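Please open the model in your viewer and keep the selection tool ready. The tour moves stop by stop, with something to select at each one.

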Amino acid sequence: MLELLVGPVAHGGHFVARAAEDGTPGVDGDGRVVFVRHALPGERVRAVVTEDPGGAFCRADTVAVLDPSPDRVEPACPWAGPGGCGGCDFQHAAPPAQRELKTAVLREQLDRLAWPAAGLSSVPLHEVVVEELPGGPFGWRTRARLAVDDAGVPGLRAHRSHDVCEIADCSLVPAGALGPVLEQRFAPGTELEVTVGDDGAARVGTGTTVRAAGRTWELSPGTFWQVHPALADTLAGVVGDWADAPAGGVAWDLYGGVGLLGSVLAGQVGPDGTVIVVESSWSAAQDGRAALADLPQVRFVPGRAEREIARLGPDPDVVVTDPPRAGLGAATVRALADRRPRRVVHVACDPAALGRDLALFARAGYRVAALRGFDAFPMTHHLEAAVLLERLG
């Protein structure tokens with residue numbers, strides 16, 4: 001058992017504390033680093049070590065709060081605490097405090113990984129914030145992945161574990177939707193893709209219908225779509241505001257999925273322009289072709305964007321990128337910069353990957369002209385960000 005004085009939030013849903021060898025709180029930066037969950041900055045807590053790899057740090061879970069933060073609230077979900085489901089990191093924090101924590105993480109990652117190398121004075125870090133999305137902090141998740149234990153019981157994974165936590169409901173999913181699924185039994189060791197339709201019912205392994213950017217999209221089972229119902233339209237609005245693709249011009253939508261953001265670009269370039277959507281998922285590309293059949297200026301290219309950039313033509317005026325969590329990486333940023341788009345609208349779901357990519361763009365001759373963060377995953381440590389990059393010279 002450790003007694004800890006909790007310090008700042010860190011990327012990943014935990015907080016930094018230090019413990020002396022005798023288990024008392026470290027003083028003035030002394031002591032071993034402890035990454036502790038279910039705590040808040042400034043609190044004094046008791047915690048149990050959950051992982052100890054040796055060396056300079058260990059991981060712990062808060063089991064008692066001695067001096068609570070004014071931002072602490074009672075979690076809405078009984079499975080959200082220590083030893084329970086690993087899906088929620090911040091249910092013990094009031095929603096405004098959650099956004100402040102995410103803002104702090106976003107600023108810290110950008111400051112450490114991007115700003116010094118990039119000299120991005122056009123967007124002062126103190127102005128970067130994580131914004132609330134419509135709909136409230138609960139009931140927003142329209143897609144969920146459940147794990148099935150050895151007895152066939154579905155549930156959610158425990159934190160940093162393959163163990164399945166049996167739950168009766170999930171407060172992030174629309175109320176009551178998961179209940180009928182959780183009462184069923186499935187093949188042991190499998191995973192379930194659950195979607196919640198507009199009727200509020202949860203379905204396992206089926207497609208769904210969604211609306212965004214003024215269109216209806218029929219999604220096949222497994223096709224990616226943003227889990228927060230407001231995020232698709234929010235990102236479409238950002239692209240509409242920032243991309244500024246010229247009429248008759250060329251725009252690329254890399255890692256484009258079903259072409260949601262490509263549909264916005266299509267409206268900007270018009271019928272005489274060209275939009276190329278690069279997507280590696282066959283089902284997503286097929287769903288996108290069907291949804292955008294009335295836009296002949298949109299062409300889907302199958303394949304991984306990082307491999308297709310050099311083969312695409314002609315050079316783009318504007319590029320939208322929405323890569324997986326790991327980000328673009330050096331080779332992709334370099335290949336993209338070689339095609340010299342005037343603007344890049346970059347969407348990221350991991351602040352560390354975002355920081356690394358922005359530093360790469362800066363070295364390739366781009367500056368950040370705008371940046372917005374979105375609390376698209378309330379109660380968790382995750383966030384979404386969008387950045388407008390402009391080519392210098």
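Helices and strands here are DSSP runs, numbered from the N terminus; a helix is H or I with at least four residues, and a strand is E with at least two. Keep in mind throughout that this is a predicted model.

**Stop 1: Trp79**

Select Trp79. Its place is the loop between β6 (57-67) and α1. Is Trp79 buried, exposed or partly exposed? Its relative accessible area is 26%, so Trp79 is partly exposed. Now show what touches Trp79, leaving aside neighbours within four places in sequence. The contacts are Gly84, Cys85, Cys165, Glu166, Ile167, Ala168 and Asp169. Then pick Pro53 as a distance check. Trp79 and Pro53 are 26 residues apart in sequence, and their C-alpha atoms are 26 Å apart in space.

**Stop 2: the cysteines**

Select the cysteine sulfurs. How many disulfides does a search of the whole structure find? The count is zero. Take Cys165, a contact of Trp79. For Cys165 the nearest cysteine sulfur belongs to Cys85, 5.8 Å away, and Cys165 is in no disulfide. A disulfide needs the two sulfur atoms within 2.5 Å. Cys165 is buried, at 13% relative accessibility.

Move to Cys88. The sulfur of Cys170 is the nearest cysteine sulfur to that of Cys88, at 6.1 Å, and Cys88 too is in no disulfide. The relative accessible area of Cys88 is 8%, so Cys88 counts as buried.

**Stop 3: Leu172**

Stay with Cys88 and select Leu172, which touches it. Leu172 is in the loop between β10 and α3 (179-182). Its relative accessibility is 4%, so Leu172 counts as buried. Which other residues does Leu172 touch, not counting those up to four places away in sequence? Pro137, Phe138, Gly139, Trp140 and Arg141 are among them, and so are Pro378, Met379 and Thr380. Measure from Leu172 to Thr142, C-alpha to C-alpha: the pair is 30 residues apart in sequence and 8.7 Å apart in space.

**Stop 4: α1 against α9**

Select residues 95-113 for helix α1 and 351-363 for helix α9. The two helices pack at an angle of about 35 degrees, and their axes are 8 Å apart. The crossing of α1 past α9 is right-handed. Show the side chains at the contact. From α1 come Val105, Leu106, Gln109, Leu110 and Leu113. From α9 come Pro351, Ala352, Leu354, Gly355, Arg356, Leu358 and Ala359. Colour the contact by class: nine residues are nonpolar, two are polar and one is charged.

**Stop 5: helix α4**

Select residues 231-242, helix α4. How does its length compare with the expected span? Twelve residues at 1.5 Å a residue should span 16 Å, and the end C-alpha atoms are 16 Å apart, which agrees.

Next, select the buried residues of α4: Leu231, Ala232, Thr234, Leu235, Ala236, Val238, Val239 and Trp242. What do they pack against? One helix is on the list, α5 (260-269). The strands are β13 (208-212), β18 (318-321), β19 (343-348), β20 (366-375) and β21 (384-391).

Zoom in on Ala236, in α4. Its relative accessibility is 8%, so Ala236 counts as buried. Beyond neighbours within four places in sequence, Ala236 is in contact with Ala213, Leu261 and Val264. Ser263 is 27 residues from Ala236 along the chain, and their C-alpha atoms are separated by 8.7 Å.

**Stop 6: backbone checks**

Most residues other than glycine have a negative phi, and most peptide bonds are trans. Four places are worth a look with that in mind.

- Asp244, just after α4, takes a positive phi of about 55 degrees.
- His38 has a positive phi of about 60 degrees although it is not a glycine. His38 is in the loop between β4 (32-37) and β5 (44-51). It counts as buried, at 8% relative accessibility.
- Arg160, also not a glycine, has a positive phi of about 50 degrees. Find Arg160 in the loop between β9 (154-157) and β10 (164-165). With a relative accessible area of 49%, Arg160 is partly exposed.
- Gly313 to Pro314 is a cis peptide bond, with omega near -5 degrees. Pro314 is in the loop between α7 (305-308) and β18.

How values were computed
Residues are numbered from 1 along each chain as its sequence is written. This is a predicted model: local features need pLDDT of at least 70, side-chain atom pairs count only at pLDDT 80 or more; totals for chains, interfaces and linings use all residues. Side-chain values use heavy atoms; hydrogens and water are left out. Buried means under 20% relative accessible area, exposed over 50%, partly exposed in between (1.4 Å probe, protein chains only). Axes are lines fitted to C-alpha atoms, for helices over the stretch in contact, and angles run from 0 to 180 degrees between N-to-C directions. A crossing is left-handed if the near helix is turned anticlockwise from the far one by less than a right angle, and right-handed if clockwise. Contact means heavy atoms within 4.5 Å. Ala, Val, Leu, Ile, Met, Phe, Trp, Tyr, Cys and Pro count as nonpolar, Asp, Glu, Lys and Arg as charged, and the others, Gly among them, as polar. The expected span of a helix is 1.5 Å times one less than its number of residues.
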